[in-house]
Amino acid sequence: MSGDAWQDYLAAAQRLDAVRRSAATAAAEQERGVHSAREELAGVRARLVPQQSRLRALGVAEAELVPSAPEVAVAGQAMVGGPQSVLAALREARSTADAADAATRLPGAGPLPWTRILLYGALTVALLALLAVLCLGGVYLVGLRG
């Protein structure tokens with residue numbers, strides 16, 4: 001085998017190796033995108049279940065809670081670009097669910113801010129201390145009469 005043929009073979013093998021590595025990197029990236037999209041889908045589904053229950057409780061018809069055929073078609077078109085497009089569409093769905101939660105949240109509902117929790121906790125402790133003092137005072141007064 002001549003030196004030129006060997007050099008051509010080595011160059012072709014290096015190009016083939018570069019293509020193989022590029023394909024492996026692309027496949028790994030796509031797999032990460034699929035995994036992220038699956039996790040995001042699970043999160044969106046988990047968000048929609050209580051949201052649907054809350055909307056049913058507010059009197060929204062069941063037909064309004066199911067996507068229509070045109071909505072499904074538009075969502076399908078948004079996801080034709082592969083896992084990254086699907087992930088972007090799911091993140092948009094999550095932000096839409098956030099907006100719906102904000103729109104249907106009743107005033108005063110939801111978690112209490114820490115300041116209110118601390119205030120109510122302090123008031124509860126003060127009331128318990130007052131009750132303990134009154135009980136002990138009553139026991140003391142009954143003991144003096146007896």
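**Note on the predicted four-helix model**

1. Tryptophan 6 sits in helix H1, which covers residues 3–57; helices (H or I, at least four residues) and strands (E, at least two) are DSSP runs numbered from the N terminus. This is a predicted model, in which local features need pLDDT of at least 70, side-chain atom pairs count only at pLDDT 80 or more, and totals for chains, interfaces and linings use all residues. Residues are numbered from 1 along each chain as its sequence is written, and side-chain values use heavy atoms, with hydrogens and water left out.

2. The relative accessible area of tryptophan 6 is 40%, so the residue counts as partly exposed (between buried, under 20%, and exposed, over 50%; 1.4 Å probe, protein chains only).

3. Trp6, Tyr9 and Leu10 make a nonpolar surface patch of about 300 Å². Patch residues have over 30% relative accessible area and no salt bridge (a side-chain nitrogen of Lys or Arg within 4 Å of a carboxyl oxygen of Asp or Glu); nonpolar side chains (Val, Leu, Ile, Met, Phe, Trp, Tyr) are joined within 5 Å, like charges within 9 Å.

4. The protein has 4 helices and 0 strands, in the order α-α-α-α from the N terminus.

5. The radius of gyration is 32 Å, whereas a compact globule of 146 residues would have a value near 15 Å (taken over C-alpha atoms; the globule rule is 2.2 Å times the number of residues to the power 0.38). Along the principal axes, the C-alpha atoms fill a box of roughly 120 × 45 × 20 Å.

6. Of the 146 residues, 11% are buried.

How values were computed. Accessible areas come from the Shrake-Rupley method with a 1.4 Å probe; for residues, only the protein chains shown count as cover.
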